[in-house]
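Q: Hey, can we go through this one together? I'd like to start with a single residue and work outwards.

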Amino acid sequence: MISIPLFLTEKHPCSYLDDEEAQPAFVHPLFDMTAGVYSELIAQGFRRSGDEVYSPHCSQCSACIPVRLKATEFIPSRSQKRCLQKNSNTQVIIKPAEFDQGHYDMYLRYQAARHRDGSMFESSQEDYVRFLKSSWCDTHFVEFSIDGELAAIAVVDQLNNALSAVYTFFEPKFSSYSLGVYAVLWQIEQAKKLHKEFIYLGFWIKQCKKMSYKSDYQPLQILRDKKWILL
């Protein structure tokens, strides 16, 4: 057992739910975080944003629910099978988590097309790197290409017994390929190949459309009262 210092931020408007305030608890930046420690923390509902590790600690709201899939038990739906078929010729290359101008340019086009009203719209290079990379985690930028053209990037953390889906963005003109879905399906298969038990998908928020899609992946486990149970 080790002691991990946490601190609460000031309350601020929630990024996901209107009229709600957020107040996450962060691991203190002076704590020597490692991939091994984070592997334990993510199983307790924590997530990372860059090097920062946090969990929701909102006094008036409990809408953010950590979710994960057991890779070997995943059952694709009909629409997910169609997505796999549509991407049967999509090429995948796993790359180190290093800054790439082409990745960054696509990220800006994606934010402009999908999240123009969000906090990540018009992110600087420093914002982009600070959000996706980590100095202590085993992270990869997974490239998905269609007909030789870069179409999407999935940022994936490799942990002790799991993969963690950090973020996915794609070229807007390839939106018909459902590359966000395909990236998750690919990670599930990759977890099986690497003998990783779980895929962590972050937080499921039933009332928020851009976060509620995670219940499409079944059987989904949620963390409730410090126990993982089926949704």
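**Chat about the model**

A: Sure. In this predicted model, T139 is buried, because its relative accessible area is 6% and anything under 20% counts as buried.

Q: Okay, and where is T139 found?

A: T139 sits in strand β9, which covers residues 139-146.

Q: What does its side chain make a polar contact with? I mean T139.

A: The side chain of T139 pairs up with the side chain of D157, at 2.6 Å.

Q: Which residues does T139 touch, skipping those up to four places away in sequence?

A: D157 shows up again, along with V155 and V156. The others are R48, P96, A97, L132 and S134.

Q: Switching topic: what about E171, buried or exposed?

A: Buried, because its relative accessibility is 10% and the cut-off for buried is under 20%.

Q: And where is the place of E171?

A: E171 is in the loop between β11 (162-170) and α5 (179-193).

Q: Which side chain makes a polar contact with the side chain of E171?

A: That would be R109, with the polar contact at 2.6 Å. R109 is also among the residues E171 touches beyond four places in sequence, together with M106, L150 and A151.

Q: Now helices. At what angle do the axes of α3 and α4 cross?

A: Roughly 95 degrees, and the axes come within 11 Å. Angles of 65 to 115 degrees count as roughly perpendicular, so α3 and α4 are roughly perpendicular to each other.

Q: Which residues make that contact between α3 and α4?

A: From α3 you have Q101, H103, Y104 and Y107, and from α4 there are Q125, Y128 and F131.

Q: How many of the residues in the contact of α3 with α4 are nonpolar, polar or charged?

A: The split is 4 nonpolar, 3 polar and no charged.

Q: Last topic, the core. How many residues has the largest nonpolar core?

A: It has 45 residues. Those with the most contacts inside it are L69, L132, F144, Y167, F169, I188 and L201.

Q: Which helix gives the most to this core?

A: Helix α5, with 8 residues.

Q: What is F169 in contact with, leaving aside neighbours within four places in sequence?

A: F169 touches H103, M106, Y107, Y110, Y128, L132, A152 and I153. H103 and Y107 of α3 and Y128 of α4 also took part in the helix contact we just went through.

Q: What lies apart from that core?

A: Another core of 17 residues, including F31, V37, I42 and L223.

Methods: Residues numbered from 1 in each chain as written. Predicted model: local features only at pLDDT ≥ 70, side-chain atom pairs only at ≥ 80, totals over all residues. Heavy atoms only, no water. Helix = DSSP H or I, 4+ residues; strand = E, 2+ residues; numbered from the N terminus. Buried < 20%, exposed > 50% of the residue type's maximum accessible area, 1.4 Å probe, protein only. Polar contact = N/O pair within 3.5 Å; in protein donor to acceptor, adjacent residues only side chain to side chain. Contact = heavy atoms within 4.5 Å. Axes fitted to C-alpha atoms, helices over the stretch in contact; angles between N-to-C directions. Parallel < 35°, antiparallel > 145°, perpendicular 65-115°, else oblique. Nonpolar A, V, L, I, M, F, W, Y, C, P; charged D, E, K, R; others polar. Core = buried A, V, L, I, M, F, W, Y, C linked by side-chain atoms within 4.5 Å.
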